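Trainee: Can we go through this one together? I'd like to start with the ligand.
Mentor: Fine, here it is.

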Amino acid sequence: MVDETPSKKRGRPAKYASPSEKARADVERRRVLRQKEAHDRRERLHAQFYGAKSSVVAKQTPSRGLDIILEYPGKREYTEGQDGRPPTDQAVDLPRQQCQHGSEDDHESPSADTAHNKVIPDPTLCREQSELVELVLSGANVFYTGGAGTGKSTVLRAIMKELRQRHRRVQVVTPTGISALNVSGSTYFTYAGWNPGVMKKTIEEIRHMAMSKERRQRIKDTDVLIIDEISMLESNQFRRLDQACRAAHQNDVPFGGIQVVVTGDFYQLPPVKAFQTCFECGVELKAKLFCKGCEQPPPPADQTDTRQPSNPRPRESCLGCGLGFQKQLKCPHCRDESCTDDQWPFRSEVWDECNFHCVSLAEVHRQSDPTFIGILNSLRIGDKLDKHQLALLDGREGDVGEAVELSPVRREVEQKNSEGFQAIRGAVRAYKCQDYVHIQPHHPHLANKEEQDGEGNKMGCREHRFPPVLETKFGMPVILLANIDAGAGLVNGSQGRIVGYSPHKPLMKQRERKLRESGEFSHLEEHEIVSWAQQQAAEFPLPIVRFENGVQVPVYPVCQDTELGDPPPFSVVARTQIPLLPAWAITIHKSQGMTLEKAVVNLEHIFEPQMAYVALSRVRGLRGLKVVSGVGLDVLQERGRLGGGNPVVRKFMKETFGPPERTGNTEDFLGSSIEGDEG
Ligand SMILES: Nc1ncnc2c1ncn2[C@@H]1O[C@H](COP(=O)(O)OP(=O)(O)OP(=O)(O)O)[C@@H](O)[C@H]1O
């Protein structure tokens, strides 16, 4: 008998169980498509600047509203004489592959070597790093930490890559815009759709906000939330983020059930301005100082302070028991109490509820000398250096040549750079940044970011890491501020020297401009780079930099943008500039996250204990290190200026990971360890 069941009933099972499931799948498909388009656009732009074609036509689909044509009238590079003018007879046609590996011999001359297969690959993960990635892939909530150079950022990149390959939706959030730029993430404010006023809202209001359509969708579109630089995230903000996620998911479990990965080093920078408002009711907290030992308030400002008699400073430690003071914070409304020791997320209940698998990366990759690693480890956890170690650092004259100087004070950095610049003869080529700030009418609190300072730069870009004006000269040492080609080892912190200027003048024609006001900003980036180049690159050729790893490449402008405000469409600030800084000196603050072959570390005017660790841990070894200490490192150590190691952090780390392991030659002083510190 013939089966008369209609074929559609007998055939494939329905792809979607319900119309709503189909709608969700459609939304997801469109999102993936959008991401792919944005990625392709970036790749195309990258190929135009760093790629292999001599005449590039990049067309955006008309529906996207942007149509740019970039034409290169033939690329020729030259090096220039010390007078700054291009010797025309040196001009040679360059192969399109611009990453060249030169030798000492061809130091100053352009090379036609196309050996771009010598690019430096990403490091292969070591065992503990691979196991950590596996742990995250297993779906567990993970907290991973480690000292400087143990590969936290490297692992972060690997985790993101692996998760995305498995089609998991990953969001990386950080406390500051600068760190967000470094990991292609966003600030947690942007992620949660907050503005600074959120701290004055009650927790119920914050939960309610998270239910708005856009915020809820963004949070619900997250499978894995990675929180980077966790040490700088105040515990109340950590709790607020948790509450927003619970509300959006309508699920009263930590972060609404999203997998959470947190990373950072609590021994490094603490939260800025912690505990300003009450977690429950958003009312400003009242602060009171008291001694950690006898719980007495400090005496009035120290009248015996002769340094600034007109402006006496409060005492740093109690006269009675010699211990330091800490702030007690009380909410005048709901009487909730907390103290500065609670500022770290690990002191919150949510941290415990997350039930993190905790991993401390032990293997240091940036340095290999056990003696140096031992010194850094002691500085990190706040152990005192012994005489031998102090002598190894103090006044040492490493093989530093023209190394960059790391200094705590911006004024010193500016002076050093200015002196170095003056000392070089030759023509100055200056590149002015191009700022773009677009504040949406529904973000009136951000309106001042559109204003200009005296130099015509936007206030919204005041803290941008790219300089407003980059002055360059032939032969000048430079440091790279962006990851322009990680495969070739050209990343944030790579050092090199300007060995020429590239005279090609891209003729750029912009037919239509239409910015998308939310989501991806690749349209904006393209537009800003093209318009920057129209204004400047035609006039001033781009600098060619020979990096220390031998790679030689013209450095093109980069547009770094950040989304601001909420609700969408977002406001945006962006600065376009050649991502270089003069490398005679940089501030220790700017050096964070960098790996340097050699450096002069100036600790003379250090004002925060963690600074010595951050600065010294940038270099790969003692050989490439020179330390300037002024009064002497022993004196700085006596003044408590050398080591970090906050006791609350040490206690947490000891409880989580056990006592610190001996590294290098630290047996002399790690014996003191952290026993008894916590009193
Ligand atoms: N498995 C590895 N093998 C070889 N090199 C590695 C490995 N992991 C990391 N590195 C290298 O070590 C250096 C430091 O790595 P990374 O910046 O990821 O460390 P970090 O812990 O984030 O440091 P910091 O806290 O100072 O920012 C980089 O040059 C990186 O390429």
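Mentor: One term before we start: a polar contact is a pair of N or O atoms within 3.5 Å. Also keep in mind that this is a predicted model.
Trainee: Ok. Which polar backbone atom is 3.0 Å from a nitrogen atom of the ligand?
Mentor: One that belongs to Thr-124. A polar backbone atom of Cys-126 lies 3.4 Å from a ligand nitrogen. On the oxygen side, a backbone N or O atom of Thr-150 is 3.3 Å from an oxygen atom of the ligand.
Trainee: And how much of the ligand's accessible area does the protein cover?
Mentor: 81% of the 640 Å² that the ligand has on its own.
Trainee: How many residues surround the ligand?
Mentor: There are 19, and Lys-152 and Arg-366 are among the closest. By class, four are nonpolar, 11 polar and four charged.
Trainee: Which helix gives the largest share of that shell?
Mentor: Helix H4, residues 152-165, with three residues.
Trainee: Switching topic. How many disulfides does the structure hold?
Mentor: Zero. Take Cys-433: the nearest cysteine sulfur belongs to Cys-461 and is 7.1 Å away. A disulfide needs two cysteine sulfur atoms within 2.5 Å, so that pair does not count.
Trainee: Is Cys-433 buried or exposed?
Mentor: Buried, at 6% relative accessibility.
Trainee: What about Cys-559, where is its nearest cysteine sulfur?
Mentor: On Cys-461, 9.1 Å from the sulfur of Cys-559, which is in no disulfide. Cys-559 is buried, with a relative accessible area of 7%.

Technical notes
Residues numbered from 1 in each chain as written. Predicted model: local features only at pLDDT ≥ 70, side-chain atom pairs only at ≥ 80, totals over all residues. Heavy atoms only, no water. Near = heavy atom within 4 Å. Polar contact = N/O pair within 3.5 Å; in protein donor to acceptor, adjacent residues only side chain to side chain. Areas by Shrake-Rupley, 256 points an atom, 1.4 Å probe, with all protein chains shown as cover. Helix = DSSP H or I, 4+ residues; strand = E, 2+ residues; numbered from the N terminus. Nonpolar A, V, L, I, M, F, W, Y, C, P; charged D, E, K, R; others polar. Buried < 20%, exposed > 50% of the residue type's maximum accessible area, 1.4 Å probe, protein only.
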